[in-house]
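Open the model in your viewer and keep the sequence panel in sight. Each stop below says what to select and what is there.

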Amino acid sequence: QTFSKVNPKETCEGATYSCRMRYQMTPIQATVVNESEGDLRVSLATAESEVTPGQSAVFYDGDRVVGGGIISR
């Protein structure tokens, strides 16, 4: 999945975070890689069939929000 970054200063390339695309979903592990200026490529640890462009995603380090964005593809 590719996301437009909201908080790029705290979202570190190669780091693994917990990620949620829906408020009540169980967080899944996601590894981020800077793809281009303003975009991240995110590799999810498990396949998510209901992830679609236009949805939001939020990245957590423990209980702390470190970033988020809108799924672009």
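Start with the whole chain as a cartoon. From the N terminus on, the elements run β-β-β-β-β-β. That comes to six strands and zero helices. Keep in mind that this is a predicted model.

Now switch on the surface. The protein exposes about 4400 Å². Carbon and sulfur atoms supply 48% of that area. Of the 73 residues, 32% are buried. Look at the contacts with a separation of 6 or more: residues 24 or more positions apart account for 50% of them.

**Stop 1: the core**

Hide the surface. Select Tyr-17, Cys-19, Met-21, Ala-30, Val-32, Val-42 and Phe-59. They belong to the largest nonpolar core, which has 15 residues, and they touch the most other members. Next, colour the strands that give two or more residues to this core: E2, E3, E4, E5 and E6 (64-71). Which strand gives the most? It is E3, with three residues. As background, nonpolar side chains in soluble globular proteins tend to be buried together.

**Stop 2: E2 and its partners**

Select E2 (16-20) and E3 (28-36). The two run antiparallel and are joined by four bridges. Find Cys-19 in this pair: Ile-28 in E3 stands opposite.

Now add E5 (56-61) to the selection. E2 also pairs with E5, again in the antiparallel sense, over three bridges.

Centre on Ser-18, which lies in strand E2. Its bridge partner in E5 is Tyr-60. Turn to the side chains. The side chain of Ser-18 makes a polar contact with that of Gln-29, at 3.5 Å. Then show everything that Ser-18 touches beyond its neighbours within four places in sequence. You should pick up Pro-27, Ile-28, Gln-29, Val-58, Phe-59 and Tyr-60.

**Stop 3: the E5-E6 hairpin**

Keep E5 and add E6. These strands run antiparallel, with six bridges between them. The hairpin has two residues between the strands. Click on Gly-62 there: this glycine takes a positive phi near 70°.

Stay in the hairpin and select Asp-61. Its bridge partner in E6 is Arg-64. How many salt bridges does a search of the whole structure find? One. Arg-64 forms a salt bridge with Asp-61, and the closest N and O atoms are 4.0 Å apart. Check how open the pair is. Arg-64 has a relative accessible area of 44%, so this residue counts as partly exposed. Asp-61 is also partly exposed, with a relative accessible area of 44%.

**Stop 4: Gln-55**

Step back along the chain to Gln-55. This residue is found in the loop between E4 (39-44) and E5 (56-61). Is Gln-55 buried or exposed? With a relative accessible area of 17%, Gln-55 is buried, because the cut-off for buried is under 20%.

Show the side chain and the backbone of Thr-52. The backbone nitrogen of Thr-52 lies 2.7 Å from a polar atom of the Gln-55 side chain.

Now expand the selection around Gln-55, leaving aside neighbours within four places in sequence. The contacts are Met-21, Arg-22, Glu-50, Gly-69, Ile-70 and Ile-71. Met-21 was in your core selection at the start. For Arg-22, draw a distance between C-alpha atoms. The value from Gln-55 is 8.4 Å, although the two residues are 33 apart along the chain.

**Stop 5: Met-25**

Finish at Met-25. Where does Met-25 lie? In the loop between E2 (16-20) and E3 (28-36). Its relative accessible area is 10%, so Met-25 is buried. Not counting residues up to four places away in sequence, Met-25 touches Arg-20 and Glu-48. Select those two residues together with Met-25 to see this set of contacts.

For a last view, show Met-25 and Gln-55 together. Both are in loops between strands: Met-25 between E2 and E3, Gln-55 between E4 and E5. Both are buried, Met-25 at 10% relative accessible area and Gln-55 at 17%.

Terms used: Residues are numbered from 1 along each chain as its sequence is written. This is a predicted model: local features need pLDDT of at least 70, side-chain atom pairs count only at pLDDT 80 or more; totals for chains, interfaces and linings use all residues. Side-chain values use heavy atoms; hydrogens and water are left out. Buried means under 20% relative accessible area, exposed over 50%, partly exposed in between (1.4 Å probe, protein chains only). Contact means heavy atoms within 4.5 Å. A polar contact is a pair of N or O atoms within 3.5 Å; within protein, one must be able to donate a hydrogen and the other to accept it, and residues adjacent in sequence count only if both atoms are side-chain atoms. Accessible areas come from the Shrake-Rupley method with a 1.4 Å probe; for residues, only the protein chains shown count as cover. A nonpolar core is a set of buried Ala, Val, Leu, Ile, Met, Phe, Trp, Tyr and Cys residues joined through side-chain atoms within 4.5 Å. A salt bridge is a side-chain nitrogen of Lys or Arg within 4 Å of a carboxyl oxygen of Asp or Glu. Two strands pair if DSSP finds at least two bridges between them.
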